[in-house]
Protein chains: 2
Amino acid sequence: MSEETINPKRRTLLKGALTLGAGAGLAACGRSSPLATADAATPGTSGSYSADVAIVGAGIAGLSAARRLAAAGKSVYVVEARDRVGGRTLNHAVTAPGASPGTIVEIGGQWVGPTQDRVLALIDELGLKTFKTYDDGNYLDYRNGQKLAYGHLLPDPLNLGLNRLPPTDPVGAAEAEKAILQLDQMAQQVPLDAPWTAASAKAWDSMTFQTWIDQNVLTPGGQSLITLAIESVFSVEPRDTSLLHVLFYIASAGTLENLINTAGGAQDSRVVGGSQRISLAMAAQLGNRVLLGAPVTHIDQDESGVTVRGEQFSVRARQVIVAVPPTIAARIRYNPILPALRDQMTQRMPMGSVIKVQCVYPKPFWRDGGYNGQVTSDTGPVRITFDNSPPDASVGILLGFMEGSDGRAASTLTADQRRQATIDCFVRYFGNDAAQPLDYIEQSWMNEEWTRGCYGGVFAPGAWLDFGAALRAPVGRIHWAGTETATVWNGYMDGAVRSGEAAASAVAALL
Amino acid sequence: MSEETINPKRRTLLKGALTLGAGAGLAACGRSSPLATADAATPGTSGSYSADVAIVGAGIAGLSAARRLAAAGKSVYVVEARDRVGGRTLNHAVTAPGASPGTIVEIGGQWVGPTQDRVLALIDELGLKTFKTYDDGNYLDYRNGQKLAYGHLLPDPLNLGLNRLPPTDPVGAAEAEKAILQLDQMAQQVPLDAPWTAASAKAWDSMTFQTWIDQNVLTPGGQSLITLAIESVFSVEPRDTSLLHVLFYIASAGTLENLINTAGGAQDSRVVGGSQRISLAMAAQLGNRVLLGAPVTHIDQDESGVTVRGEQFSVRARQVIVAVPPTIAARIRYNPILPALRDQMTQRMPMGSVIKVQCVYPKPFWRDGGYNGQVTSDTGPVRITFDNSPPDASVGILLGFMEGSDGRAASTLTADQRRQATIDCFVRYFGNDAAQPLDYIEQSWMNEEWTRGCYGGVFAPGAWLDFGAALRAPVGRIHWAGTETATVWNGYMDGAVRSGEAAASAVAALL
């Protein structure tokens, strides 16, 4: 079925993937591994291929789809613009003195949590393991120039996670808790597969989430907490998206607590060896059915099939699954052109704005002070931090996020300026021990050509209402995947798996 | 300076342009003229070229820039994806029985008005003429199933244009008038070159315009009128954009009345022979410096210059002006990639949604009934109409717009269904004489590959605040033009001219 012309360099890359998939060692998963590095000299895939299904994008969604189809006996090719797999997941080798051999941190998506059944099952099927995000000790809240350490101060028998809110401003915290419960209740009225059909959809999509805050959260403390929650979950500002989108996203994850909590929430656990291993392992199983360095420029449909092509390659198939974010899918040239609603939908789902920053220290010194490394702050650019040390704590790694407006403003600084701004924040929260990191690691997904923002696509006000139906609807032989199309855990690795598997099922039924 | 390889077919096209520019006749301006038709068999531009400045996009902005630079003695090439010039302006030959030879209608942008000084000057320089939009007789308002004809009932010595509002619901009309004055006053506080620096910018960009309506316009009649104004000016819904964007746009045009009025407003006059003649005449002056059928896929910058290239051509230049809408500019591949703010800005300025529909009748029969052909209606899909007959009234042409949600919904219908929906509206407004048009002409700019929506790009809430500065800021050798970048008459042909001339001045200073 396949007509292959694989250049020698690509074979080497794939061989790397296979070795990695066999568990050759964590060191190879870092940024310096063959698959994780974009080599400017790599010419990329060339030649002509054919298969039952072409899949665009070798992130978790595309690879999940390919794996499902391959398991069902269908021939597939996955074409990936980058010289690596993993999409918005990417391991980075930590080489600071003292770090155990093979130590990595993720510079992209990294956490999994309860009810993320599909990604957890996939992790298990691939022979990977998880471990708990470090969560022992006290949280820290920095507000109005003051620090407050706090823990699980109140009983929470229903595991609502409400105690995660800092009690620095009790009135604000109580108001934020009330708002969270209110949002959870409203979210239950949003049908996951068609949010625009909710009884209040028109009203909810006609206002920004900021307007909802203005109308429902009255104290500065409460507003600050809810704003921080939105920034950290969506990496946009409350003014950038609609109440309906926030409610859909909450519904997609179950509750807002699920989104913001560490233990028991979306930040519950990490993958041993790094989350990119999920994709590396799937790619290893797929072997030379994954074509790297293959940016797709055109998707042409005709009566008998579809051709996916780039400057030096083409894949002829019966169906195609496009598993990249909508705004990236918009940059492919389609023939025939996409329907009006589909194209205009892609114009209305921008990516969030985030820079992930990490400092490596000789040890996780904050633990000695009784801190779990998790900070909420009213002072940027880093307003959210986590302990991101490796399981063996051979080094201590503090992780910070510059999100929404902070990330946008920080994108105009130099790397040195961002490093200093990060250290300033870390010192503010954890003292002078944070002043001299062994290493500084940063990743702006806004500056990744094939993603152009993280964590995911976020609908602008009004977009769900008039364009939501175009998000998942196939266009002829073209099917859409990617976490933005997921109904459950939209925006997360779990949503990516679900979207890939759903697309695979839909396509398999047509073959 | 130029190294040319022009294929013979392109030369023929250009010769057509030159002939047209010399005023060969109106018939040649129609859709069947060489320049106005996309010929699928045309291979497009091939070869290598070099010039001081490469300009991407042969709409009014790009051609205005080219013309300025050429007049200053700079060498230029304008590369255009389509096989015609004019961008969002396009003449269409009316061939219905009785139509005078050379009769056209515009199926894209068409009107000019007072204070649009730059496009009016250009029209004059090019030897073109204007004529008044037909405005004699009564307006018609259709509301709650009732029709009301009305004229200039009240004195309007200050020419505020307030009498344009239908008096069907006097309370609603009064409330809408109050809202319009309120918006005009707020708009005066928006700096045209930096809307995000307005004192209230954060509050105004944090709410949708729908929220402002909900808070400031209390009667259904008033809400209906303000909503119709937004739909007809922006071709989006009030929920799709922010109060700040609406205020910027008003400020850019002077007043909201300027935007919505016919006589004395943005719909005041038309170009004899059609608005595409502006571009056709400029292209004729530029001759073989306009390269058609040349979709730009890459813009590569290096130390010594910039290369603009497509599949079969390249233009090497010292500077480049990209004169296409932001969302279309995003689909070009840049090396180095665009800065984070610039790319994410393009993700947040979607195009409006509109289908322009026109019916041709043996004569403008509504004039006999004392109507000027202009309707406002609470019943779609056509809620706004105009008399778009040619100056000699050899046929009568009714023009209607399906805008915002109406346009989006109508995009999923067949052309026959849209034709019937249009006729149903026209019959509702003007009676059974409208039931049997000689011809039906429709144009959905959402379905034009190189535009993907009209009238223009509209900022989502929050976009001006965090991304506004990236709208006009050059990126190395790349300069931005197009009506979306204009400070005055943004979104109009006049803004396009201004943006092109401003970019030309900026670039000329660097050569």
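## Ala71 of chain B

In which helix of chain B does Ala71(B) lie? In this predicted model, Ala71(B) belongs to helix α2, which covers residues 60–71 of chain B. Ala71(B) is exposed, because its relative accessible area is 72%, and the cut-off for exposed is over 50%. Although Ala71(B) and Leu286(B) stand 215 residues apart along the chain, 9.9 Å separates their C-alpha atoms.

## Overall content of chain A

Chain A has 511 residues, of which 65% count as buried. Its secondary structure amounts to 17 helices and 22 strands. Considering the contacts in chain A between residues at least 6 apart in sequence, 74% of them join residues at least 24 apart.

## Strand pairs in chain A

Strand β2 of chain A, residues 53–56, is covered on both faces. Val53(A) and Ile55(A) point to one side and Ala54(A) and Val56(A) to the other, and all of these residues are buried. The strand pairs in the parallel sense with β3(A), residues 76–79, and four bridges connect the two. One of the residues of β3(A), Val76(A), is the bridge partner of Val53(A).

A second pair in chain A is formed by β8, residues 138–143, and β9, residues 146–150. These strands run in the antiparallel sense and share five bridges. Tyr142(A) has Lys147(A) of β9(A) as its bridge partner. Two residues lie between the strands of this hairpin, and Asn144(A) takes a positive phi near 50° there.

## Helix α4 of chain B

Helix α4(B) spans residues 170–187 and contains 18 residues. The distance from its first C-alpha to its last is 25 Å, close to the 26 Å expected at 1.5 Å a residue.

Which residues of α4(B) are buried? They are Gly172(B), Ala173(B), Glu175(B), Ala176(B), Ala179(B), Ile180(B), Leu183(B), Asp184(B), Met186(B) and Ala187(B). The buried residues of the helix pack against five further helices of chain B: α5 (201–205), α6 (209–216), α7 (220–234), α8 (243–253) and α9 (256–260).

## His245 of chain B

Helix α8 of chain B, against which the buried residues of α4(B) pack, also holds His245(B). His245(B) counts as buried because its relative accessibility is 0%, where buried means under 20%. Leaving aside neighbours within four places in sequence, His245(B) is in contact with Phe234(B), Gly457(B), Val458(B), Phe459(B) and Trp464(B). The C-alpha atoms of His245(B) and Pro195(B) are separated by 8.3 Å, and the two residues are 50 apart along the chain.

## Backbone features

A cis peptide bond links Asn335(A) to Pro336(A), with omega at about 0°. In chain B, Asn335(B) and Pro336(B) are likewise joined by a cis peptide bond, with omega about 0°. Pro336(A) is found in the loop between β16 (333–335) and α12 (340–346) of chain A. Pro336(B) sits in the loop between β14 (333–335) and α12 (340–346) of chain B.

Two residues of chain B that are not glycine have a positive phi: Ala393(B), at about 55°, and Trp489(B), at about 50°. Ala393(B) is in the loop between β17 (384–387) and β18 (396–403) of chain B, whereas Trp489(B) is in the loop between β20 (478–480) and α17 (493–508) of that chain. Are these residues buried or exposed? Ala393(B) counts as partly exposed because its relative accessibility is 26%, which falls between the cut-offs of 20% and 50%. Trp489(B) is buried, since its relative accessible area is 2%.

## Cavities

Rolling a probe the size of a water molecule over the atoms reveals where empty space remains. The count comes to seven cavities of 30 Å³ or more, and the largest has a volume of about 80 Å³.

Which residues line the largest cavity? From chain A the lining takes Thr327(A), Ala330(A), Arg331(A), Thr346(A) and Gln347(A). From chain B it takes Thr327(B), Ala330(B), Arg331(B), Thr346(B) and Gln347(B). By class, this lining has two nonpolar, six polar and two charged residues.

Note on methods. Residues are numbered from 1 along each chain as its sequence is written. Chains are lettered from A and ligands numbered from 1 in the order in which they are written. This is a predicted model: local features need pLDDT of at least 70, side-chain atom pairs count only at pLDDT 80 or more; totals for chains, interfaces and linings use all residues. Side-chain values use heavy atoms; hydrogens and water are left out. On a 1 Å grid over the protein atoms alone, a cavity is a set of points where a 1.4 Å probe fits but cannot get out, and a pocket is an open set with protein on both sides within 12 Å along at least five of seven lines; lining residues have an atom within 4 Å of a point. Grid points are joined across faces, edges and corners, and a volume is the space filled by probe spheres set on the points. Ala, Val, Leu, Ile, Met, Phe, Trp, Tyr, Cys and Pro count as nonpolar, Asp, Glu, Lys and Arg as charged, and the others, Gly among them, as polar. The expected span of a helix is 1.5 Å times one less than its number of residues. Buried means under 20% relative accessible area, exposed over 50%, partly exposed in between (1.4 Å probe, protein chains only). Contact means heavy atoms within 4.5 Å. Two strands pair if DSSP finds at least two bridges between them.
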